[in-house]
Amino acid sequence: MLQKFSAFAGVQGPVVVIVMDGYGIPEHTAGSAIDAARKPTLDRLFARYPNIRLRAHGTAVGMPSDDDMGNSEVGHNAIGAGQVYAQGAALVADAIADGAIWQGAAWKEVVAGARAGRGVIHFIGLFSDGNVHSHIDHLKAMVVQARAEGVNTVRIHALLDGRDVPETSALDYVVPFEAFLAEISTGGFDARIASGGGRQYITMDRYDANWPMVERGWRTHVLGEGPQFANATEAVEGLREKHPGTIDQDLPEFVVAEGGRPIGTIEDGDSVVFYNFRGDRAIEITRAFVDDDFDKFDRVRTPRVTYAGMLQYDGDLQLPRRFLVAPPAITDTSGEWFGRMGLAQFACSETQKFGHVTYFWNGNRSGRFDGETWQEVPSDVVPFEQRPWMKAAEITDAMIAALQSGRYRLLRCNYANGDMVGHTGNFRAATMAIEAVDLALSRLLPAIDAAGGVALITADHGNADEMFELDKKTRQPALNKDGSFKAKTAHTLNPVPLILYDNVSGGRLGLEQTEAAGLSSIAATVANLVGLEKHPKWDDSLLVVK
Ligand SMILES: O=C(O)[C@H](O)COP(=O)(O)O
Ligand SMILES: [Mn+2]
Ligand SMILES: [Mn+2]
């Protein structure tokens, strides 16, 4: 059991954690949609309430290095668990570096399965070095190892990124990789990119938001349906010509073919590795491969394959059963412990971030802890630059109703706007996204006051804070040849705010800016706010009691 916190008996009303997804504190105002937004509520919060900065990237959230930006998975894991674990990106890199991955049963079965069939391994995954869902170096290591272990054919199904890396960078990855594949395709070994398309157009949907995306991916990778090209480089060039202005993540599908026949359809006896390490956008395509009673779309043909995920994407559902590297074993999360203490918890977001405040928050568990209520607001299925307000109003309605019900001691929500609209690279829409969040806060905060509660307002990582690429050397916004700014779609390395919205303690409570203050400090801070000591495994609280 958690002990009572000796310095403070706890606020009487509810404690609310509000995650403004993708809201970082930028180095420069130029290119910051947050600075450009009119946001009177947030301005007032920063001016009048205790607020500090939290580390939200790199090793502070379990990434391999401080050059790695934060992301929703590692950010919500850290917030919910109150601890930092080595995350998928680091675990896979380590397993490759020391060779443990090749010794595991899963890799051996993938190789043996392929060798017993046509000798083919397919690798499907995000084709970049973004290190959010995948890293192309992991793919490279597996291709080299497959060759060394006598596999004769490798087919890669490349999901073009432009979302965790610059928005039209696909050829920076495809051209050198096709050269590498050509170089090692000797002595009967044949490795080629066989199909692909933009990650937001095929395959990588999440949280059941848009299954037709996954169906398009299945038809592309498995059935070999789609416009044909001689190789992936020509495919990217050809698709860009046909769809001018379309950024990589939104490019349609392509298939590489020879004499009109796709070179990489997936057939009985093949092995398939989905090489993303992050779960949210890997689960649906995995289900299409492994679920016997799959009914989300007509698969037409269901090849019997040896399927492995880079990680296990959902431990509760054992999805998939075969995985190359064990995911971090996240235990003693705040959701679990607050549940054990009998505190009723309410979690809400819209579809695009629903799993973030539930599954990621609870340490990648799809089941609820005791006393938890989850509410999902269905997201629109549209390009979010067309609806930058997204479902901020509806999430706020749900939060206000939950507060007014008086049932919950702890509430949490995620406003997706800054992140989802930030990823479009559309500066104007991103300013409106932040304005929508500000408006939502202006409604939510009075409801917290009415309930006698307090709020911690924070974010999981930056995004809308840098809508232009920064020059690597000068750290100033980079320019295109025509003098315009280069749009940026990825997350940032910036810190995020932590604001304590407290109108109940009479100024007794504050926040301490420490060197180590990071997302993993939030769970202990919440514990103290409800009058409990933190769990011994959680990182230190930032609450100051005067
Ligand atoms: O999956 C995505 O949309 C991006 O790769 C990362 O964004 P998220 O970490 O905020 O979900
Ligand atoms: Mn996020
Ligand atoms: Mn994001």
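**View 1. The segment that UniProt labels "domain: BPG-independent PGAM N-terminal" spans residues 93-314.** The label comes from an unreviewed entry, and the model shown here is predicted. Within residues 93-314, helix makes up 36% of the chain and strand 18%. If you pick out the C-alpha atoms at the two ends of this stretch, you will find them 20 Å apart.

**View 2. A second UniProt annotation, "domain: Metalloenzyme", covers residues 14-534.** This one, too, is taken from an unreviewed entry. Here the chain is 34% helix and 16% strand, with 17 Å between the end C-alpha atoms.

**View 3. Asp-21, Ser-72, Asp-460 and His-461 are the protein donors of the manganese ion (ligand 2).** The two aspartates each offer OD, while Ser-72 contributes OG and His-461 contributes NE2. These donors lie 1.9 to 2.1 Å from the metal. Along the sequence, their spacing reads D-x50-S-x387-D-H. Ser-72 belongs to helix α3 (residues 72-81), and His-461 sits in the loop between β14 (454-458) and β15 (496-502), so this pair ties together parts that are 389 residues apart in sequence.

**View 4. Here is a closer look at how Ser-72 and His-461 are shielded: both are buried.** Buried means under 20% relative accessible area. Ser-72 has 1% relative accessibility, so it counts as buried. His-461 is buried as well, because its relative accessibility is 0%.

**View 5. Two manganese ions, ligand 2 and ligand 3, appear together in this frame.** The separation between the manganese ion (ligand 2) and the manganese ion (ligand 3) is 4.3 Å.

Terms used
Residues are numbered from 1 along each chain as its sequence is written. Chains are lettered from A and ligands numbered from 1 in the order in which they are written. This is a predicted model: local features need pLDDT of at least 70, side-chain atom pairs count only at pLDDT 80 or more; totals for chains, interfaces and linings use all residues. Side-chain values use heavy atoms; hydrogens and water are left out. Donors are N, O and S atoms within 2.8 Å of the metal (3.2 Å for Na, K and Ca); water is not among the atoms, so sites may look incomplete. Helices (H or I, at least four residues) and strands (E, at least two) are DSSP runs, numbered from the N terminus. Buried means under 20% relative accessible area, exposed over 50%, partly exposed in between (1.4 Å probe, protein chains only). UniProt positions are given in the numbering used here, feature names are shortened, and annotations may be inferred rather than shown by experiment.
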